[in-house]
There are 2 protein chains.
Amino acid sequence: MRTDPDLDDLDRRLLGLLQRDARRPLHELGDEVGLSPSAVQRRLKRLRASGVIRAEVAVLDQRALGVGLGSVVLVALVDDDPARHAAFRDRLRAEPAVQQCFGIIGQWDYVVLLLSRDIAENRELSAELFGPGTGVHRYETLPAYETVKSGLALPLQPPRPR
Amino acid sequence: MRTDPDLDDLDRRLLGLLQRDARRPLHELGDEVGLSPSAVQRRLKRLRASGVIRAEVAVLDQRALGVGLGSVVLVALVDDDPARHAAFRDRLRAEPAVQQCFGIIGQWDYVVLLLSRDIAENRELSAELFGPGTGVHRYETLPAYETVKSGLALPLQPPRPR
DNA sequence: GCCCCGCGTGCAAGATTCTTGCGTGCGCAC
DNA sequence: GTGCGCACGCAAGAATCTTGCACGCGGGGC
(Lines give C-alpha, C1' and ligand atoms only; values in the text may rest on other atoms or scores of the structure.)
Protein backbone atom coordinates (compact mmCIF):
# COMPACT_ATOMS: atom_id res chain seq x y z
CA MET A 1 0.00 0.00 0.00
CA ARG A 2 2.62 2.49 1.03
CA THR A 3 5.28 1.36 -1.39
CA ASP A 4 7.22 3.86 -3.42
CA PRO A 5 5.01 6.38 -5.04
CA ASP A 6 7.40 8.67 -6.78
CA LEU A 7 5.38 9.83 -9.72
CA ASP A 8 6.76 10.83 -13.07
CA ASP A 9 5.26 13.40 -15.35
CA LEU A 10 3.10 10.86 -17.17
CA ASP A 11 1.60 9.70 -13.90
CA ARG A 12 0.78 13.25 -12.96
CA ARG A 13 -0.87 13.96 -16.28
CA LEU A 14 -2.94 10.80 -15.98
CA LEU A 15 -3.99 11.73 -12.46
CA GLY A 16 -4.97 15.16 -13.68
CA LEU A 17 -7.21 13.64 -16.32
CA LEU A 18 -8.75 11.19 -13.87
CA GLN A 19 -9.53 13.93 -11.41
CA ARG A 20 -11.77 15.48 -14.03
CA ASP A 21 -13.25 12.28 -15.46
CA ALA A 22 -12.49 8.78 -14.28
CA ARG A 23 -14.59 7.14 -16.97
CA ARG A 24 -12.43 7.91 -19.97
CA PRO A 25 -11.41 4.71 -21.75
CA LEU A 26 -7.76 3.73 -21.59
CA HIS A 27 -7.09 4.44 -25.24
CA GLU A 28 -8.31 8.02 -24.83
CA LEU A 29 -6.07 8.59 -21.84
CA GLY A 30 -3.26 6.97 -23.78
CA ASP A 31 -3.77 9.29 -26.74
CA GLU A 32 -3.60 12.34 -24.48
CA VAL A 33 -0.35 11.40 -22.81
CA GLY A 34 1.22 9.39 -25.60
CA LEU A 35 1.00 5.85 -24.25
CA SER A 36 -0.65 2.63 -25.33
CA PRO A 37 -3.82 1.54 -23.54
CA SER A 38 -2.02 -1.29 -21.79
CA ALA A 39 0.73 1.00 -20.53
CA VAL A 40 -1.91 3.34 -19.15
CA GLN A 41 -3.72 0.40 -17.61
CA ARG A 42 -0.58 -0.78 -15.82
CA ARG A 43 0.13 2.68 -14.48
CA LEU A 44 -3.39 3.02 -13.16
CA LYS A 45 -3.18 -0.40 -11.58
CA ARG A 46 0.00 0.64 -9.82
CA LEU A 47 -1.47 3.97 -8.74
CA ARG A 48 -4.52 2.28 -7.33
CA ALA A 49 -2.56 -0.43 -5.57
CA SER A 50 -0.13 2.05 -4.05
CA GLY A 51 -2.98 4.15 -2.73
CA VAL A 52 -2.24 7.26 -4.76
CA ILE A 53 -5.70 6.81 -6.26
CA ARG A 54 -7.79 6.28 -3.16
CA ALA A 55 -11.11 5.80 -4.89
CA GLU A 56 -13.16 6.62 -7.92
CA VAL A 57 -16.49 8.03 -6.93
CA ALA A 58 -19.59 9.67 -8.35
CA VAL A 59 -20.12 13.37 -7.69
CA LEU A 60 -23.81 14.13 -7.31
CA ASP A 61 -25.81 17.28 -7.82
CA GLN A 62 -26.88 19.01 -4.63
CA ARG A 63 -30.05 20.54 -5.99
CA ALA A 64 -31.26 17.27 -7.43
CA LEU A 65 -30.93 15.70 -4.00
CA GLY A 66 -32.70 18.46 -2.17
CA VAL A 67 -29.69 20.00 -0.51
CA GLY A 68 -30.70 23.62 -0.46
CA LEU A 69 -28.39 24.95 2.20
CA GLY A 70 -24.75 24.35 2.90
CA SER A 71 -23.05 25.94 5.84
CA VAL A 72 -19.67 26.13 7.47
CA VAL A 73 -19.81 25.61 11.21
CA LEU A 74 -16.99 26.55 13.56
CA VAL A 75 -17.06 24.49 16.74
CA ALA A 76 -15.28 24.67 20.10
CA LEU A 77 -15.68 21.87 22.63
CA VAL A 78 -15.95 22.48 26.35
CA ASP A 79 -12.50 21.09 27.12
CA ASP A 80 -9.61 19.11 25.70
CA ASP A 81 -10.66 15.73 27.02
CA PRO A 82 -9.50 13.24 24.35
CA ALA A 83 -12.47 10.95 24.93
CA ARG A 84 -14.85 13.82 24.39
CA HIS A 85 -13.14 14.77 21.16
CA ALA A 86 -13.15 11.19 19.95
CA ALA A 87 -16.85 10.88 20.66
CA PHE A 88 -17.53 14.14 18.87
CA ARG A 89 -15.59 13.06 15.80
CA ASP A 90 -17.32 9.69 15.71
CA ARG A 91 -20.68 11.37 15.83
CA LEU A 92 -19.84 13.62 12.90
CA ARG A 93 -18.44 10.74 10.90
CA ALA A 94 -21.69 8.85 11.36
CA GLU A 95 -23.89 11.77 10.31
CA PRO A 96 -24.52 11.87 6.55
CA ALA A 97 -25.36 15.57 6.67
CA VAL A 98 -21.77 16.26 7.71
CA GLN A 99 -19.93 16.33 4.42
CA GLN A 100 -16.53 17.30 5.73
CA CYS A 101 -14.83 18.07 9.01
CA PHE A 102 -11.35 19.20 9.94
CA GLY A 103 -9.68 19.63 13.29
CA ILE A 104 -8.10 23.05 13.35
CA ILE A 105 -5.71 25.12 15.41
CA GLY A 106 -6.83 28.30 17.08
CA GLN A 107 -9.77 29.45 19.10
CA TRP A 108 -12.01 26.93 17.36
CA ASP A 109 -11.51 23.17 17.48
CA TYR A 110 -13.32 22.03 14.33
CA VAL A 111 -14.68 23.36 11.09
CA VAL A 112 -17.64 21.41 9.76
CA LEU A 113 -19.34 21.47 6.36
CA LEU A 114 -22.97 20.80 7.07
CA LEU A 115 -25.52 20.09 4.34
CA SER A 116 -29.23 20.42 4.88
CA ARG A 117 -32.47 20.76 3.00
CA ASP A 118 -33.35 24.16 4.42
CA ILE A 119 -32.88 26.40 7.41
CA ALA A 120 -35.29 24.39 9.52
CA GLU A 121 -33.35 21.19 8.96
CA ASN A 122 -30.13 23.06 9.57
CA ARG A 123 -31.43 24.10 12.96
CA GLU A 124 -32.43 20.56 13.84
CA LEU A 125 -29.08 19.17 12.79
CA SER A 126 -27.17 21.89 14.61
CA ALA A 127 -29.10 21.30 17.81
CA GLU A 128 -28.55 17.57 17.52
CA LEU A 129 -24.86 17.77 16.75
CA PHE A 130 -23.76 20.88 18.62
CA GLY A 131 -26.56 21.63 21.09
CA PRO A 132 -26.75 20.98 24.84
CA GLY A 133 -25.39 17.64 25.94
CA THR A 134 -23.01 17.25 23.00
CA GLY A 135 -19.90 18.55 24.70
CA VAL A 136 -19.83 21.61 22.48
CA HIS A 137 -18.92 24.84 24.24
CA ARG A 138 -20.02 27.14 21.46
CA TYR A 139 -20.44 27.11 17.72
CA GLU A 140 -20.89 29.61 14.95
CA THR A 141 -22.75 28.91 11.73
CA LEU A 142 -21.63 30.58 8.50
CA PRO A 143 -24.33 29.98 5.89
CA ALA A 144 -23.06 29.54 2.35
CA TYR A 145 -24.96 31.48 -0.25
CA GLU A 146 -22.69 30.50 -3.13
CA THR A 147 -20.37 27.67 -4.04
CA VAL A 148 -17.43 29.34 -5.74
CA LYS A 149 -15.44 26.16 -6.17
CA SER A 150 -16.09 22.64 -5.02
CA GLY A 151 -14.38 19.36 -5.54
CA LEU A 152 -11.62 17.27 -4.08
CA ALA A 153 -9.12 17.78 -6.87
CA LEU A 154 -5.60 18.05 -5.54
CA PRO A 155 -2.88 20.28 -6.97
CA LEU A 156 -0.50 18.21 -9.10
CA GLN A 157 2.61 20.31 -9.07
CA PRO A 158 5.77 18.49 -9.98
CA PRO A 159 8.14 18.32 -6.99
CA ARG A 160 9.74 21.67 -7.60
CA PRO A 161 13.24 22.12 -6.29
CA ARG A 162 13.26 24.81 -3.68
CA MET B 1 -30.31 18.24 -18.53
CA ARG B 2 -32.81 19.58 -16.03
CA THR B 3 -35.60 17.15 -16.81
CA ASP B 4 -37.47 15.36 -14.07
CA PRO B 5 -35.24 14.12 -11.35
CA ASP B 6 -37.63 12.53 -8.91
CA LEU B 7 -35.66 9.62 -7.65
CA ASP B 8 -37.11 6.43 -6.32
CA ASP B 9 -35.59 4.26 -3.64
CA LEU B 10 -33.62 2.18 -6.13
CA ASP B 11 -32.05 5.29 -7.62
CA ARG B 12 -31.04 6.45 -4.18
CA ARG B 13 -29.47 3.13 -3.31
CA LEU B 14 -27.55 3.09 -6.56
CA LEU B 15 -26.33 6.63 -5.96
CA GLY B 16 -25.24 5.64 -2.49
CA LEU B 17 -23.18 2.80 -3.90
CA LEU B 18 -21.66 4.98 -6.60
CA GLN B 19 -20.67 7.61 -4.09
CA ARG B 20 -18.46 5.01 -2.46
CA ASP B 21 -17.19 3.28 -5.59
CA ALA B 22 -18.05 4.23 -9.13
CA ARG B 23 -16.14 1.33 -10.65
CA ARG B 24 -18.37 -1.51 -9.56
CA PRO B 25 -19.62 -3.47 -12.58
CA LEU B 26 -23.30 -3.21 -13.38
CA HIS B 27 -24.08 -6.78 -12.37
CA GLU B 28 -22.69 -6.16 -8.89
CA LEU B 29 -24.77 -3.04 -8.46
CA GLY B 30 -27.71 -4.98 -9.80
CA ASP B 31 -27.23 -7.77 -7.29
CA GLU B 32 -27.16 -5.30 -4.43
CA VAL B 33 -30.37 -3.56 -5.34
CA GLY B 34 -32.15 -6.46 -7.05
CA LEU B 35 -32.03 -5.36 -10.66
CA SER B 36 -30.59 -6.72 -13.88
CA PRO B 37 -27.41 -5.15 -15.24
CA SER B 38 -29.27 -3.54 -18.11
CA ALA B 39 -31.87 -1.99 -15.81
CA VAL B 40 -29.06 -0.56 -13.69
CA GLN B 41 -27.34 0.68 -16.82
CA ARG B 42 -30.45 2.50 -18.00
CA ARG B 43 -30.94 4.14 -14.63
CA LEU B 44 -27.35 5.32 -14.55
CA LYS B 45 -27.66 6.64 -18.07
CA ARG B 46 -30.71 8.62 -17.05
CA LEU B 47 -29.06 9.88 -13.85
CA ARG B 48 -26.01 11.01 -15.77
CA ALA B 49 -28.03 12.66 -18.54
CA SER B 50 -30.29 14.45 -16.07
CA GLY B 51 -27.29 15.81 -14.21
CA VAL B 52 -27.98 14.05 -10.92
CA ILE B 53 -24.61 12.37 -11.41
CA ARG B 54 -22.43 15.33 -12.27
CA ALA B 55 -19.20 13.43 -12.75
CA GLU B 56 -17.23 10.37 -11.80
CA VAL B 57 -13.79 11.32 -10.62
CA ALA B 58 -10.69 9.88 -8.99
CA VAL B 59 -9.97 10.79 -5.38
CA LEU B 60 -6.25 11.06 -4.79
CA ASP B 61 -4.13 10.69 -1.67
CA GLN B 62 -2.87 13.95 -0.24
CA ARG B 63 0.31 12.56 1.27
CA ALA B 64 1.32 10.84 -1.93
CA LEU B 65 1.06 14.15 -3.76
CA GLY B 66 3.01 16.10 -1.22
CA VAL B 67 0.14 18.00 0.30
CA GLY B 68 1.29 18.29 3.88
CA LEU B 69 -0.86 21.12 5.10
CA GLY B 70 -4.48 21.95 4.60
CA SER B 71 -6.01 25.05 6.03
CA VAL B 72 -9.30 26.83 6.24
CA VAL B 73 -9.03 30.52 5.44
CA LEU B 74 -11.72 33.06 6.30
CA VAL B 75 -11.60 36.06 4.02
CA ALA B 76 -13.23 39.51 4.00
CA LEU B 77 -12.87 41.79 0.99
CA VAL B 78 -12.43 45.53 1.32
CA ASP B 79 -15.90 46.35 0.00
CA ASP B 80 -18.92 44.91 -1.75
CA ASP B 81 -17.96 45.93 -5.26
CA PRO B 82 -19.33 43.11 -7.49
CA ALA B 83 -16.45 43.41 -9.93
CA ARG B 84 -13.96 43.00 -7.12
CA HIS B 85 -15.76 39.92 -5.85
CA ALA B 86 -15.96 38.44 -9.33
CA ALA B 87 -12.24 38.97 -9.85
CA PHE B 88 -11.49 37.40 -6.48
CA ARG B 89 -13.60 34.34 -7.24
CA ASP B 90 -12.03 33.93 -10.66
CA ARG B 91 -8.59 34.04 -9.14
CA LEU B 92 -9.45 31.32 -6.64
CA ARG B 93 -11.04 29.17 -9.30
CA ALA B 94 -7.87 29.35 -11.35
CA GLU B 95 -5.59 28.42 -8.45
CA PRO B 96 -5.09 24.65 -8.11
CA ALA B 97 -4.10 25.00 -4.46
CA VAL B 98 -7.61 26.25 -3.71
CA GLN B 99 -9.58 23.07 -3.31
CA GLN B 100 -12.87 24.59 -2.31
CA CYS B 101 -14.41 27.98 -1.72
CA PHE B 102 -17.81 29.13 -0.53
CA GLY B 103 -19.31 32.58 -0.28
CA ILE B 104 -20.75 32.96 3.19
CA ILE B 105 -22.95 35.28 5.19
CA GLY B 106 -21.63 37.15 8.18
CA GLN B 107 -18.56 39.11 9.07
CA TRP B 108 -16.52 37.10 6.59
CA ASP B 109 -17.17 36.93 2.85
CA TYR B 110 -15.54 33.65 1.89
CA VAL B 111 -14.26 30.46 3.40
CA VAL B 112 -11.43 28.85 1.43
CA LEU B 113 -9.87 25.40 1.69
CA LEU B 114 -6.24 25.90 0.82
CA LEU B 115 -3.83 23.02 0.21
CA SER B 116 -0.10 23.42 0.36
CA ARG B 117 3.07 21.45 0.70
CA ASP B 118 4.14 23.05 3.96
CA ILE B 119 3.89 26.21 5.98
CA ALA B 120 6.29 28.07 3.72
CA GLU B 121 4.21 27.38 0.66
CA ASN B 122 1.09 28.26 2.59
CA ARG B 123 2.56 31.66 3.34
CA GLU B 124 3.45 32.21 -0.29
CA LEU B 125 0.02 31.23 -1.46
CA SER B 126 -1.70 33.32 1.18
CA ALA B 127 0.32 36.37 0.26
CA GLU B 128 -0.40 35.84 -3.39
CA LEU B 129 -4.11 35.24 -2.99
CA PHE B 130 -4.99 37.38 0.00
CA GLY B 131 -2.09 39.79 0.46
CA PRO B 132 -1.76 43.46 -0.48
CA GLY B 133 -3.21 44.35 -3.86
CA THR B 134 -5.72 41.50 -3.91
CA GLY B 135 -8.72 43.43 -2.63
CA VAL B 136 -8.74 41.44 0.60
CA HIS B 137 -9.44 43.48 3.70
CA ARG B 138 -8.37 40.83 6.17
CA TYR B 139 -8.08 37.09 6.41
CA GLU B 140 -7.63 34.49 9.10
CA THR B 141 -5.94 31.15 8.56
CA LEU B 142 -7.10 28.11 10.52
CA PRO B 143 -4.53 25.35 10.00
CA ALA B 144 -5.97 21.84 9.88
CA TYR B 145 -4.08 19.32 11.95
CA GLU B 146 -6.51 16.50 11.28
CA THR B 147 -8.99 15.48 8.63
CA VAL B 148 -11.92 14.04 10.55
CA LYS B 149 -14.07 13.46 7.49
CA SER B 150 -13.52 14.32 3.88
CA GLY B 151 -15.38 13.64 0.69
CA LEU B 152 -18.15 15.06 -1.38
CA ALA B 153 -20.74 12.43 -0.56
CA LEU B 154 -24.18 13.93 -0.26
CA PRO B 155 -26.86 12.80 2.18
CA LEU B 156 -29.40 10.63 0.38
CA GLN B 157 -32.42 10.97 2.60
CA PRO B 158 -35.70 10.08 0.99
CA PRO B 159 -37.95 13.13 0.72
CA ARG B 160 -39.43 12.83 4.17
CA PRO B 161 -42.88 14.31 4.62
CA ARG B 162 -42.76 17.10 7.17
C1' DG C 1 34.06 -2.29 -23.60
C1' DC C 2 30.81 -5.81 -23.20
C1' DC C 3 27.31 -8.44 -21.10
C1' DC C 4 23.47 -9.14 -18.05
C1' DC C 5 19.44 -7.79 -15.85
C1' DG C 6 15.50 -5.04 -14.45
C1' DC C 7 11.91 -2.26 -15.99
C1' DG C 8 8.55 -0.29 -18.81
C1' DT C 9 6.62 -0.57 -23.20
C1' DG C 10 3.59 -2.20 -27.42
C1' DC C 11 1.05 -5.88 -29.34
C1' DA C 12 -2.51 -9.16 -29.46
C1' DA C 13 -5.70 -12.63 -27.65
C1' DG C 14 -8.97 -13.72 -24.30
C1' DA C 15 -12.10 -12.27 -20.64
C1' DT C 16 -15.06 -9.03 -18.82
C1' DT C 17 -18.11 -5.38 -19.10
C1' DC C 18 -21.07 -2.22 -21.47
C1' DT C 19 -24.74 -1.13 -24.70
C1' DT C 20 -29.04 -1.61 -26.99
C1' DG C 21 -32.92 -3.79 -29.76
C1' DC C 22 -36.67 -6.69 -28.67
C1' DG C 23 -40.46 -8.76 -26.38
C1' DT C 24 -43.05 -9.06 -21.90
C1' DG C 25 -45.62 -7.66 -17.87
C1' DC C 26 -47.64 -4.31 -14.89
C1' DG C 27 -50.34 -0.17 -13.73
C1' DC C 28 -53.23 3.48 -15.08
C1' DA C 29 -56.48 6.16 -17.93
C1' DC C 30 -60.13 6.02 -20.91
C1' DG D 1 -62.12 -4.23 -21.24
C1' DT D 2 -58.77 -2.22 -23.91
C1' DG D 3 -54.91 0.60 -25.09
C1' DC D 4 -50.86 2.97 -23.77
C1' DG D 5 -46.65 4.13 -21.39
C1' DC D 6 -43.03 2.64 -18.82
C1' DA D 7 -39.64 -0.17 -16.76
C1' DC D 8 -38.02 -4.57 -16.87
C1' DG D 9 -35.12 -9.00 -18.34
C1' DC D 10 -32.82 -11.29 -21.98
C1' DA D 11 -29.41 -11.81 -25.37
C1' DA D 12 -26.33 -10.43 -29.11
C1' DG D 13 -22.95 -7.35 -30.59
C1' DA D 14 -19.67 -3.69 -29.47
C1' DA D 15 -16.44 -1.68 -26.61
C1' DT D 16 -13.33 -1.94 -23.06
C1' DC D 17 -10.31 -4.11 -19.86
C1' DT D 18 -6.72 -7.47 -18.70
C1' DT D 19 -2.57 -10.03 -19.19
C1' DG D 20 1.11 -13.12 -21.34
C1' DC D 21 4.81 -12.34 -24.38
C1' DA D 22 8.72 -10.36 -26.73
C1' DC D 23 11.40 -6.22 -27.49
C1' DG D 24 14.24 -2.11 -26.44
C1' DC D 25 16.51 0.86 -23.37
C1' DG D 26 19.53 2.10 -19.50
C1' DG D 27 22.39 1.01 -15.42
C1' DG D 28 25.66 -1.70 -13.03
C1' DG D 29 29.26 -5.60 -12.72
C1' DC D 30 33.08 -7.88 -14.67
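I looked up A:I53 first and found it opposite B:L60 in β1(B). This is a predicted model. I then checked the strands: β1 (residues 53-60) of chain A and β1(B) pair in the antiparallel sense over seven bridges.

Next, the contact between the chains. I noted 72 residues from chain B and 72 residues from chain A. The two chains bury about 7100 Å² between them, and 57% of that is on carbon and sulfur atoms.

I turned to polar links. Between chain B and chain A I have four salt bridges. I looked at B:R89 with A:E146, where the closest N and O atoms are 3.5 Å apart. I also logged 38 residue pairs in polar contact, both residues at pLDDT 80 or more.

Which element gives the most to the side of chain B that touches chain A? I found β5(B), with nine residues. By class, I split this side of chain B into 41 nonpolar, 11 polar and 20 charged residues.

Then I went to DNA strand C. I listed 13 residues around the strand; A:S36, A:R42, A:R43, B:L26 and B:Q41 come nearest. Of the strand's atoms within 4 Å of the protein, 61% belong to sugar or phosphate and the rest to bases.

I checked single distances to strand C. A side-chain N or O atom of A:R42 is 2.9 Å from a base oxygen. For B:R42, I have a polar side-chain atom 3.4 Å from a base oxygen. B:L26 places a polar backbone atom 2.8 Å from a phosphate oxygen. Elements giving two or more residues to this surface are α3 (37-49) of chain A, and α2 (26-33) and α3 (37-49) of chain B. I class the surface as four nonpolar, five polar and four charged residues.

Notes:
Residues are numbered from 1 along each chain as its sequence is written. Chains are lettered from A and ligands numbered from 1 in the order in which they are written. This is a predicted model: local features need pLDDT of at least 70, side-chain atom pairs count only at pLDDT 80 or more; totals for chains, interfaces and linings use all residues. Side-chain values use heavy atoms; hydrogens and water are left out. A residue is near a molecule or strand if one of its heavy atoms lies within 4 Å of it. A polar contact is a pair of N or O atoms within 3.5 Å; within protein, one must be able to donate a hydrogen and the other to accept it, and residues adjacent in sequence count only if both atoms are side-chain atoms. Helices (H or I, at least four residues) and strands (E, at least two) are DSSP runs, numbered from the N terminus. Ala, Val, Leu, Ile, Met, Phe, Trp, Tyr, Cys and Pro count as nonpolar, Asp, Glu, Lys and Arg as charged, and the others, Gly among them, as polar. Contact means heavy atoms within 4.5 Å. Buried area is the accessible area (1.4 Å probe) that two parts lose on being put together, summed over both. A salt bridge is a side-chain nitrogen of Lys or Arg within 4 Å of a carboxyl oxygen of Asp or Glu. Two strands pair if DSSP finds at least two bridges between them.
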